[in-house]
There are 2 protein chains.
Amino acid sequence: MALIVQKYGGTSVGDADKIKNVARRIAARREKGDELVVVVSAMGHTTDELIALAHQINPHPEDRELDVLLSTGETVSSTLMAMALHEMGLPAISLSGAQAGIGTESRFGRARILEVDPQRIHKELGEGKIVIVAGFQGITEEMDIATLGRGGSDTTAVALAAALKAERCEIYTDVDGVYTTDPRIEPKARKLVEINYEEMLELATWGARVMHNRAVELGAVYNVPILVASSFRDVPGTLIHRGEEMVEQRNKVSGIAYDTDVAKVTVRGVPDRPGIAATVFGPLSDAGISVDTIVQNASVERIADVTFTVTRKDLERALKLIEPIAHQISAGDVITDDHLAKVSIVGAGMTSAPGYASRMFKTLFDSGINIEIISTSEIRITCIIDESRVADAVRALHKAFELEEAE
Amino acid sequence: MALIVQKYGGTSVGDADKIKNVARRIAARREKGDELVVVVSAMGHTTDELIALAHQINPHPEDRELDVLLSTGETVSSTLMAMALHEMGLPAISLSGAQAGIGTESRFGRARILEVDPQRIHKELGEGKIVIVAGFQGITEEMDIATLGRGGSDTTAVALAAALKAERCEIYTDVDGVYTTDPRIEPKARKLVEINYEEMLELATWGARVMHNRAVELGAVYNVPILVASSFRDVPGTLIHRGEEMVEQRNKVSGIAYDTDVAKVTVRGVPDRPGIAATVFGPLSDAGISVDTIVQNASVERIADVTFTVTRKDLERALKLIEPIAHQISAGDVITDDHLAKVSIVGAGMTSAPGYASRMFKTLFDSGINIEIISTSEIRITCIIDESRVADAVRALHKAFELEEAE
C-alpha cells in the first residue's frame, strides 16, 4: 500500500460531470489499495470570475481580501469532490488548506509555504478516508487565509507529498505529459517518458502550461517524484525525478523551449567601472522587475553596451527606472526592442559534451534566422531571435537534434 | 461612540451595485462615530445555487461537506463588502465565522452556537477597522466549519451583539419592519414602532420573512435590542426589545399572525388511559416531526378523539407512524385534513384581560368562518380554520382589533 498525492487542475474539475469523472478515477486507484490525498483546483474559470466580481466592486482589491475571496473556489471543488466520492460509497473528507496544515507567510496573493503540519491528514487517512485538500490556499500565523499565487495547487500537492513522504505526486491536467517541444508548433513533438527536475525547469517557459515551476523546484529540493499525466485519457505521462542515469543517454537534448514574452533593453556606452551593475540592476530588483538574460559586450576603452531582457509587461516600468540611471552614470542612449523571443535547447549534461552550441547556431544560420543574444546555463543554450521566426526555429532545432525519433 | 452590530441579508447584497450601496450606508453610519461590526449573508440566491450544484453531484450530500460548501457564500460577500469599503477609503477587514470566534456544536447544517470568543473582533475594532463577519457559519471544536441553518446570519448577528455587549443589533432586510399583519393580505397593516420578544416570536409564522426566530430567542435571553429595518429605504424600522411598559397599553393586540402550512391528524376513539399521549406522540418526536397544536376533547366513557397539527410536508411520515400505533392501542380511524390554516391574535398581557378570545370568536363567526380547533398561549389565541378563508379572517380580525388606527 503506497501513499500517493494526486492533483487535479481546474479544467479537470470544470463541471459536475467532470468532477464525477475524476471521482471514478480516484475510486479505481483506491481499488488498487493505495492511500490517497487529492488536491483540487477551483472549477474551470472560477478564479477569473471571482477576480472579475471583485473588480466590479474595487479595481484594486486589497490582497488579503482577494485571497479570502479566491480561496472559496478551491473550497467549493474540494467539497464537491468529497460528495462525489460519497455518492460512490467511498469514505472521503474535504479539508481546507488550514486544516491540511499548510502554513504560509503573510505575503497575500503569492505566499510561500513555511511549513506543513499534516496531523489532520494522518488522522483522516488512519480512519480509511480519501482526503481531498483545497489547493492554492494556506493559513498565516495570524490565522488569515493566504493564497500561493497562480499554479499554487501544484505547489500544495508537491509540498504535501514531501511532508507526507508520499511515494509519488501525480499532477493530472489537460495535457498528457511533457513533450520535446510545443506540439502546437511542431506536430512531431514526442512525449518524454522521464525528465529530471532541472530540465523540466528549463523547458517550463512553454511547459508552464503543464506545471508550475515552484512546484518542480520544491520537488527537486525534497526529491519528490512527480508524474504529469492526463486527467481525461489513460495514457502514460511523464515522470519528473532526480534520474541520474539519464545524463549518459546518447542524445543529451531533451527538448526545445521557447518564450515569446521577451523585451530587450540596451543601455549604450556604459562606463565600465566596479559597482555599475548594481547601480543599473538594483532599482529594477527593488521594483520587483525580473531581469532575465543579461549580456555585457567586451569593453573597449572602458565603455560597454549592457543589454538585458524583461517580460513585455515590465518594459515600460523598467524604462522609467533605467533612463534616469543612464543619465546619472553618464551612459548613452537607452534603446528597446519588444518583438523578440527566446528559443532554447535543454538537456542535462549538454554543456559537458562539445558541439551542441555550434550545432544550434548552425541550424539557425541555415534557416536564415539572426541571433541577437546568446546565453547559456548548465543545461540550456538560449538564443534570442526575432519573434516572427520562433516557430521556424523550434521546428528546425527539433529536427536537428533528432527529437522526433522514437526512443 | 456606540458599538453597533448590523446585519444585511442576501437580497441587500444581491449584486455588486447592491453591495456598494450597503457600503455607502455603512460609511454614513461610521461618519456618526459608531463602532461597527457588520454581518453579511450570501449574495442573493447563492445558497440555493450551491445546493443545486451539490445535488448535481450527490442527491444526498453529507451535512459536513454541504456546510463547507455553503459557507463559501457568506465568505464571498464578506470579502466583497470589505473591498467596497476600502474603495471608499475606509479601513475594513472581513472575518470568517471561525475568525470572529463563533464556536458551534457539530450538528452540521443546523449547529447551535456554543460560545463566542470575540478576541479578534476586539483587536480589529481597536485598530479602527469596520469588521465584516461572514454570517451563518461557525467552527466546531474539531475545527470543522458548521452552518447555523437557514436564517443563521440573524443568529450570528444577535450572538455577536450579545458577546460584544453592543448597544443594539440592527437587522437590515427587504422589508422595513414588523407589521400588525401581512401587508400583502391587509393593505391597512400598520408598521409597529416597537414590539417585545415574545410577541415577535408569536407573530413569526408570517413574520419569519422578517427575521429568524432563533435570533429573536437569543435576543430575549441576552436582552439585545434588535432593530428590524429596510436596507433600501431610510425609514424607521421596528425595535424588538424587552419593553415592559408596553403591557399596559390600551390595545393589547399587537398583530395578527397566520400560517397556511397546516395539516391536521385526528385519531378517533383513543382509550383514555395514562401514558397514551406518550405512546402516540413519542414516535413522532423521535422521528423529528414537530407537532404543533394538540387537542384532546372531553372524554366520554374513557374514549377520546386526539387531534394534532403538523406541517404539510410531515403529514405523510406522521401518518405512517400513527396508523400502526392507532391499531396497537385499539383506537379507531385516523383521519386527516391538509387544507387548514392557523390565524392568531398576538399581544402581551392579552390573557390577563378579558374579552379578547370572545371578540376573536365573534369576529370569525360574523364572517361566516368555522373554527376547527382553538388553542391559546400566554400571549396568543389561535384558531384553526379552513385554508380558503385565511385572508378574510386576517382582515376581519385586523379591523376588529383596530390595528389599522394610528397609534
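In this predicted model, the contact between the two chains takes 26 residues from chain A and 26 residues from chain B. Which elements of chain A give two or more residues to this side? They are helix H1 (16–31), helix H2 (46–57) and helix H3 (63–87) of chain A. H3(A) gives the largest share, 13 residues. By class, the side of chain A that touches chain B divides into 14 nonpolar, 8 polar and 4 charged residues.

Now compare the two sides. Of the interface residues of chain A, 100% are also interface residues in chain B, so the copies meet through the same surface.

The symmetry comes next. Two copies of a chain are related by a rotation about an axis and a shift along it. Here the rotation is 180° and the shift along the axis is 0.1 Å. This superposes chain A on chain B with an RMSD of 0.2 Å. The two copies are therefore related as by a two-fold rotation axis. Which residue of chain A comes closest to the rotation axis? That residue is Thr72(A), with its C-alpha at 2.8 Å.

Now look inside one chain. The domain assignment splits chain A into domain 1 (3–245) and domain 2 (256–400). Their centres, taken over C-alpha atoms, are 33 Å apart. The contact between them takes 14 residues from domain 1 of chain A and 15 residues from domain 2 of chain A. On the domain 1 side, helix H6 (residues 197–207) of chain A gives the largest share, 6 residues. By class, this side of domain 1 of chain A has 4 nonpolar, 4 polar and 6 charged residues.

One helix pair remains. Two packed helices are described by the angle between their axes and the distance between the axes. Helix H10 (residues 356–366) of chain A packs on helix H11 (residues 390–400) of chain A at an angle of about 130°, with the axes 10 Å apart. That angle makes H10(A) oblique to H11(A). The crossing of H10(A) past H11(A) is right-handed. H10(A) brings Arg359(A), Met360(A), Thr363(A) and Leu364(A) to the contact. H11(A) brings Ala393(A), Ala396(A), Leu397(A) and Ala400(A). Together, the residues of this contact divide into 6 nonpolar, 1 polar and 1 charged.

The table sets out the classes for each contact.

| Contact residues | Nonpolar | Polar | Charged |
|---|---|---|---|
| Side of chain A that touches chain B | 14 residues | 8 residues | 4 residues |
| Side of domain 1 of chain A that touches domain 2 of chain A | 4 residues | 4 residues | 6 residues |
| Contact of H10(A) with H11(A) | 6 residues | 1 residue | 1 residue |

Notes. Residues are numbered from 1 along each chain as its sequence is written. Chains are lettered from A and ligands numbered from 1 in the order in which they are written. This is a predicted model: local features need pLDDT of at least 70, side-chain atom pairs count only at pLDDT 80 or more; totals for chains, interfaces and linings use all residues. Domain bounds come from an automatic or database domain assignment. Two residues are in contact if their C-beta atoms, placed from the backbone, lie within 7 Å. Helices (H or I, at least four residues) and strands (E, at least two) are DSSP runs, numbered from the N terminus. Ala, Val, Leu, Ile, Met, Phe, Trp, Tyr, Cys and Pro count as nonpolar, Asp, Glu, Lys and Arg as charged, and the others, Gly among them, as polar. Copies are superposed by least squares on the C-alpha atoms of residues with pLDDT of at least 70 in both. Axes are lines fitted to C-alpha atoms, for helices over the stretch in contact, and angles run from 0 to 180 degrees between N-to-C directions. Angles under 35 degrees count as roughly parallel, over 145 as roughly antiparallel, 65 to 115 as roughly perpendicular and the rest as oblique. A crossing is left-handed if the near helix is turned anticlockwise from the far one by less than a right angle, and right-handed if clockwise.
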